[in-house]
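Subject: Handing over the structure, with notes

Dear colleague,

I am passing on the structure that follows, together with notes on what turned up in it. Please keep it open while you read, since the notes refer to it throughout.

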Amino acid sequence: MDRKNVSRIARKYNVYSGKLLGVLEDIQKEERYLSEETLKNVADVLDVPLTRVYSVATFYSFFNLVPVGKHIITVCMGTACHVKGAYRILEVLQDLLGVRPGETTKDGKFMPTTHDKKFTVSTARCFGACSMTPVVMIDGKIYGYVNAKNIPLILKEYGWGEKNEN
Amino acid sequence: MICNADEGDPGAYMNRNEMESDPHMVIEGMIIGAYAIGANEGYIYIRAEYPLAIERLDRAISDARAYGLLGNNILGTDFSFDIHIARGAGAFVCGEETALIASMEGNTGRPRKRPPFPSQKGLWGKPTNINNVETWCNVASIIKNGADWFTRIGTEKSKGTKVFSLVGKVKRTGLVEVPLGTPVKTIVYDIGGGATDNKKVKAVQTGGPSGGCIPDSLFDTQVDYEHLADAGSIMGSGGIVVMDEDTCMVDTAKYFLEFAVEESCGKCTPCREGTYQMHRILEKITEGKGTNEDIVLLEKLANIIKLTALCRLGQTAPNPVLTTLRYFKDEYLAHVEDKRCPARVCRSLINYYIDPAACRGCTICSRNCPVEAIDGKPGYIHIIDQNKCIKCGTCMEVCNFSAIVKLSGESIDTPFAPIPINKGR
Ligand SMILES: Cc1cc2nc3c(=O)[nH]c(=O)nc-3n(C[C@H](O)[C@H](O)[C@H](O)COP(=O)(O)O)c2cc1C
Ligand code: SF4
Ligand code: SF4
Ligand code: FES
């Protein structure tokens, strides 16, 4: 994101507390990941050292430093989901999408993306939907009570299994 | 003044509910608190995983401003107070008050030594009062009904009610509010309806990654601060995860240690390196490669980390291990000595077999096995090649005749090659 747009976002924050994280989150909401250029511009606009911006961006699991696929599938690995077999859900997803288990991206995070750049698989710890475990979130939408049988149906809603549109 | 809405315990969501269904309750509590201590600035630090709660709080704060309940000269008095939202970004340790403050100041969220406590030196070096969402929510009703009303509920030392998030292998999951001092069994059986699928409840885990497991033999334990501590666990934020006979306690301990390894901020050595080593030992045990010495070492490490870590994340991270060792030693021993996982969870220690008496030769399993480990043809009893099987469990999920069994430490007789199903059986 260029300087001008970073400034536009930064202006929304009239108090300094929580500003850096807030700005990074807002940018990620628009661009889906934080590029090197973005981090530099954020450091510049907010007048904080680039090292600080970088350490913050890598410390918090919420930020992606590499581009992601069109749809982000996040598997909940929270305790309530774990006891209901979240690991198996992750495995089924990896299997269906053909991404390698345990594959990590350059920033060391577990976020494999499919070859057609349609899906990125990631994990999180609890969406607060623990009464309908196991839970998967796709692009912000929560799916409860998922299992090996209904996952393919859910994926189809997002164009899984179709020929590449490009 | 800060409202802690980071709700990091994975498996607990009472704060989310409070903020989404009645955001004004939080705001009202904070206004009263600010008035009492003379604060002018308030923040709600909320985790990014709760977008709806953020949206509703944002709206509620604007509405409160429009009504003159927030901002300068509230209701014409000389008291001024405003609330801002600060978002977290997925780091458990940021729920710890000093880490949370560091995060709000735009730093990586790492805790620091206390004292000085935030009430002495907090956000930007200023005295800061920090409390949980639920605490703030209680304020208005206590003021309205009087302290006597609140303290009548609960026990001698733990007053009032508490909201718990009852989840896991229990029939009725959800949020429950009960007087402190209510026994575990009332919550699990009377309210939760016991385990699903006619299974037996084995334990509950309370307090999240900092807490411990309480076995069913201690379900008379009253849920309050003192009695949970006596049982080796904690109240924490109020998560109660129910575990049944299909939950492996060693695997559970491993799960929490993995969490600790990932969430350790890395500042102090006992937590950063110690939890890593504990996790490695647990991995070894669940893979069936553990020894009795490993169990001794595990316990020793746990006690050292408890005493030497800097913040409570590290100090409490060994709790899941210590409580499972205390109450479920037999499960550890089964893994180590018999190479058996009694709950049939740990993959290295289980095997899938097809029961020749139940197989109908439908071929679904062999068509779905990702590694082609199942041999057979229509009308023939199918057989799993144990050397090829990766123990994913797909076959068991797809078989419509419950012909596939999962065993640990035992096996059943199966033919060496597919044979025709005896139609007369
Ligand atoms: C590792 C760690 C994580 C914590 N996470 C939370 C949390 O998610 N929410 C919370 O309210 N308090 C959390 N706390 C406790 C806070 O430090 C603090 O004690 C609490 O916000 C005080 O609120 P209360 O007295 O109203 O309960 C955590 C503490 C530690 C050590
Ligand atoms: S105990 Fe763990 S989380 Fe706490 S300061 Fe030490 S390394 Fe960080
Ligand atoms: S799916 Fe079940 S019934 Fe069908 S062949 Fe496999 S084991 Fe036999
Ligand atoms: S543990 Fe998965 S939604 Fe809470």
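How many residues of chain A are in contact with how many residues of chain B? Before the answer, please bear in mind that this is a predicted model. In it, 40 residues of chain A are in contact with 53 residues of chain B.

**Where the two chains meet**

The size of an interface is often given as the accessible area lost when the parts come together. Here chain A and chain B bury about 3600 Å² between them, and 53% of that area is on carbon and sulfur atoms. Of the area that chain A buries against chain B, 20% is supplied by Phe59(A), Thr79(A) and Arg125(A), which is more than any other three residues give.

Turning to polar pairs, there are 31 residue pairs in polar contact between chain A and chain B, counting those in which both residues have a pLDDT of 80 or more. On the side of chain A that touches chain B, at least two residues each come from helix H2 (19-31), helix H4 (50-59), helix H5 (79-83) and helix H6 (86-97). The largest share of that side, 6 residues, is supplied by H2(A). Sorted by kind, the residues of chain A that touch chain B comprise 19 nonpolar, 11 polar and 10 charged ones.

**Salt bridges across the interface**

The rule finds 6 salt bridges across the interface of chain A and chain B. One of the salt bridges in the model brings together the side chains of Arg347(B) and Glu91(A), at 2.6 Å from N to O.

Another pairs the side chains of Asp26(A) and Arg87(B), with an N to O distance of 3.0 Å. Asp26(A) lies in helix H2 of chain A whereas Arg87(B) lies in strand E3 (residues 82-87) of chain B, so this pair joins two chains. Are the two partners buried or exposed? Asp26(A) has a relative accessibility of 9% and therefore counts as buried, and Arg87(B), with a relative accessible area of 14%, is buried as well. Both residues also belong to a network of salt bridges that links Lys12(A), Glu25(A), Asp26(A) and Arg87(B).

**Salt bridges within chain B**

Over all chains, the structure holds 25 salt bridges. Among them is a bridge between the side chains of Lys284(B) and Asp294(B), at 3.0 Å from N to O. Lys284(B) lies in helix H10 of chain B and Asp294(B) in helix H11 of chain B, so the pair ties together parts that are 10 residues apart in sequence. As for their surroundings, Lys284(B) is partly exposed, with a relative accessible area of 33%, whereas Asp294(B) is buried, with a value of 8%.

The side chains of Arg272(B) and Glu273(B) likewise meet in a salt bridge, again with 3.0 Å from N to O. Arg272(B) counts as partly exposed at 34% relative accessibility, and Glu273(B) is partly exposed at 36%.

**Chain B as a whole**

Chain B contains 16 helices and 15 strands, and its C-alpha trace spans about 90 × 45 × 40 Å along its principal axes. Of its 425 residues, 55% count as buried. Among the contacts in chain B with a separation of 6 or more, 66% are between residues 24 or more positions apart.

One helix that may be worth following in the viewer is H14 of chain B (residues 329-337), whose buried residues are Glu331(B), Tyr332(B), Ala334(B), His335(B) and Val336(B). These buried residues pack against strand E8 (201-206), helix H9 (249-263), helix H10 (269-286), helix H11 (292-308) and helix H13 (319-327) of chain B. Just after H14(B), Lys339(B) takes a positive phi of about 50°.

**Cysteines**

How many disulfides does the rule give over all chains? The count comes to 0. Two cysteines can nevertheless be placed by their accessibility: Cys126(A) is buried, with a relative accessible area of 2%, and Cys399(B) counts as buried at 17%.

With kind regards

Definitions and conventions: Residues are numbered from 1 along each chain as its sequence is written. Chains are lettered from A and ligands numbered from 1 in the order in which they are written. This is a predicted model: local features need pLDDT of at least 70, side-chain atom pairs count only at pLDDT 80 or more; totals for chains, interfaces and linings use all residues. Side-chain values use heavy atoms; hydrogens and water are left out. Contact means heavy atoms within 4.5 Å. Buried area is the accessible area (1.4 Å probe) that two parts lose on being put together, summed over both. A salt bridge is a side-chain nitrogen of Lys or Arg within 4 Å of a carboxyl oxygen of Asp or Glu. A polar contact is a pair of N or O atoms within 3.5 Å; within protein, one must be able to donate a hydrogen and the other to accept it, and residues adjacent in sequence count only if both atoms are side-chain atoms. Helices (H or I, at least four residues) and strands (E, at least two) are DSSP runs, numbered from the N terminus. Ala, Val, Leu, Ile, Met, Phe, Trp, Tyr, Cys and Pro count as nonpolar, Asp, Glu, Lys and Arg as charged, and the others, Gly among them, as polar. A disulfide is a pair of cysteine sulfur atoms within 2.5 Å. Buried means under 20% relative accessible area, exposed over 50%, partly exposed in between (1.4 Å probe, protein chains only).
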